[in-house]
Amino acid sequence: MLPTSPETKLRGQLSSRSFVSAWLTVPRRPISPQHQAILLGTLLSSPSVVAAGSLAGLLCGITATIRTHGLIIAGLTAAQFVLVVVRLVLLVVQHRQQRGGAAPRVEALLWLSIGWAGFQGATALVAMLSHDTPTMVMGAALTMSIIGPLSARAYAAPRLALLLASLCDLPFKIGLLINGEPWLLVLVLLTPVYLRAVMGIVCEYHDLVLAMLESEALQRARARHDPLTGLLNRTGLEERLHAWTAAPGQRLAMLCLDLDGFKAVNDTLGHGAGDELLQRVADRLRATVRPEDAVIRLGGDEFMIVTHVRPAEVRLLSERLIQAIRGEPYRLGTGGLVRVGVSIGYACLPEDAVVPQDLWILADTALYAAKKSGRGAALRYNEAMAASPQIVTPLLR
């Protein structure tokens, strides 16, 4: 199944000490931890497919036991039955955990899959040595029919897919060699070509899924970020605030910023120079705040910063921002030097508001007061400002 949206994808994880499992499941190129979790989650998917393949293997084992009365194949079938039951129960339990939002560890199921593939290969080996034509045909048909689906289901981990295919196919080919029928050696000669074809399909599908995940991530990033400055846009801010709202009790401060003198630059030097100036301002904003703070471009020359600090620290941050913006002049591509300043209004939670939804209105009201008081001012919201509030659109819906 191809991925849909990141919110609906099932996820899995590895133990930090599972070196072999990590090596078997490493993707073909570096990816983000989030995408790696999605790939691992696919190894726990489709219990019905696993049940169908397991049933086919058990039926062939039971039939071969009845025809040959062989103790070895009977033992393999009995052991395979126990493994299949454990595997399916674990798969169903972990699949339900995924549906509930958890990311189960995949090691146990991974090793059970490897064990099951080994049992298929061993059963095929014994079938080829039985010299019973129906048993040999069933062994060959089972091996050829399960390698493709088994490997394709492990597309998230090409190394694992190759191991599973080899465990099914190589014992079968060893049985053909020992069988003594020279015409069966044709199948042995085709082994490299067959495994190469299987892995070609797995790798193509693996690369396709990686490309889809990366494309989705890029589209989501573009939807949340301002294309000119790379800062968060209103959509990105809304997502952040929804996340912060879901974790009550957090301290939150919101600063609304409006550039002083930007319109003159835009009108005299043109929109190209204005865009370049906005990019330089965005760089200074990013350099002034902490990495965990959110920097947003609301539109035009309006910016916002959301942080988790106390009111006294917000005041100091405002002063640093004012100094950073108006400090050194900006040298634009036209060769000219320009200066702009910034006015700031801010509000804090829980001191000024009860819920984050109100902070933007209060901070915008404080910004309006700061602009009226003179350029380069930073004011915190107070109740006196409510006499002439600004009308803004609520951010959270």
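The following conversation walks through side-chain pairs, contacts and backbone features of a predicted model.

Trainee: Let's start with the salt bridges; how many does a search of the whole structure find?
Mentor: Good place to begin, since side chains of opposite charge can pair when their charged atoms come close. Searching the whole structure for such salt bridges gives a count of 16.

Trainee: Which residue forms a salt bridge with Arg 67?
Mentor: Arg 67 lies in helix α3, and its partner is in the loop between α5 and α6, 65 residues apart, so the pair links distant parts of the chain. The closest N and O atoms are 2.7 Å apart. The residue that completes this salt bridge is Asp 132.

Trainee: Are Arg 67 and Asp 132 buried or exposed?
Mentor: They fall into separate classes, with the cut-off for buried at under 20% relative accessible area. Arg 67 has 43% relative accessibility and counts as partly exposed. Asp 132 has a relative accessible area of 15%, so Asp 132 is buried.

Trainee: Leaving aside neighbours within four places in sequence, which residues is Arg 67 in contact with?
Mentor: You already know one of them, Asp 132, from the salt bridge. With the sequence neighbours left aside, the contacts of Arg 67 are Asp 132, Pro 134 and Thr 135.

Trainee: And how far apart in space are Arg 67 and Tyr 194, C-alpha to C-alpha?
Mentor: Along the sequence these two are 127 residues apart. In space, C-alpha to C-alpha, the separation is 30 Å.

Trainee: Where do Arg 286 and Asp 283 lie?
Mentor: These two form a salt bridge, with the closest N and O atoms 2.8 Å apart. Arg 286 is partly exposed at 36% relative accessibility, and Asp 283 is partly exposed at 40%. They are three residues apart, about one turn of the helix, and both lie in helix α12.

Trainee: What parts does the salt bridge of Arg 380 and Asp 352 tie together?
Mentor: The side chains meet at 3.0 Å, N to O. The two residues are 28 apart in sequence, so the pair ties together strand β7, which holds Arg 380, and the loop between β6 and α14, which holds Asp 352.

Trainee: Which residues are linked in a network of salt bridges?
Mentor: Here the link goes beyond a single pair, as three residues are named. The network is made of Asp 258, Asp 260 and Lys 371.

Trainee: Turning to the rings, how are Tyr 155 and Tyr 205 arranged?
Mentor: A pair of aromatic rings is described by the distance of the centres and the angle of the planes. For Tyr 155 and Tyr 205 the centres are 4.6 Å apart and the planes are at 85 degrees. Planes over 60 degrees apart fall in one class, so this pair is edge-to-face.

Trainee: Where do Tyr 155 and Tyr 205 lie?
Mentor: Tyr 155 is buried, at 6% relative accessible area, while Tyr 205 is partly exposed, at 26%. The pair ties together parts 50 residues apart in sequence, because Tyr 155 is in the loop between α6 and α7 and Tyr 205 is in helix α9.

Trainee: Which ring does Arg 284 lie over?
Mentor: Two arginines are worth a look here. Arg 87 lies over the face of Trp 116, 5.2 Å from the ring centre. Arg 284 is 3.7 Å from the centre of its ring, and that ring belongs to Tyr 330.

Trainee: Which residues make the nonpolar surface patch?
Mentor: The patch covers about 500 Å². One of its members, Val 89, is found in helix α4. The full set is Phe 81, Val 82, Val 85, Val 86, Val 89 and Val 93.

Trainee: What is phi of His 131?
Mentor: Most residues other than glycine have a negative phi, and most peptide bonds are trans. His 131 sits in the loop between α5 and α6 and counts as exposed at 52% relative accessibility. Its phi is positive, near 60 degrees.

Trainee: Last one: which peptide bond is cis, with omega near 20 degrees?
Mentor: Look in the loop between β6 and α14, where Pro 350 is placed. The cis bond is the one from Leu 349 to Pro 350.

Terms used. Residues are numbered from 1 along each chain as its sequence is written. This is a predicted model: local features need pLDDT of at least 70, side-chain atom pairs count only at pLDDT 80 or more; totals for chains, interfaces and linings use all residues. Side-chain values use heavy atoms; hydrogens and water are left out. Rings of Phe, Tyr and Trp (its six-membered ring) pair if their centres lie within 6.5 Å; planes under 30 degrees apart count as stacked, over 60 as edge-to-face and the rest as tilted. Helices (H or I, at least four residues) and strands (E, at least two) are DSSP runs, numbered from the N terminus. Buried means under 20% relative accessible area, exposed over 50%, partly exposed in between (1.4 Å probe, protein chains only). A charge sits over a ring if NZ of Lys or CZ of Arg is within 6 Å of the ring centre and within 35 degrees of the ring normal. Patches are made of residues with over 30% relative accessible area and no salt bridge: like charges are joined within 9 Å, nonpolar side chains (Val, Leu, Ile, Met, Phe, Trp, Tyr) within 5 Å. Accessible areas come from the Shrake-Rupley method with a 1.4 Å probe; for residues, only the protein chains shown count as cover. A salt bridge is a side-chain nitrogen of Lys or Arg within 4 Å of a carboxyl oxygen of Asp or Glu. Contact means heavy atoms within 4.5 Å.
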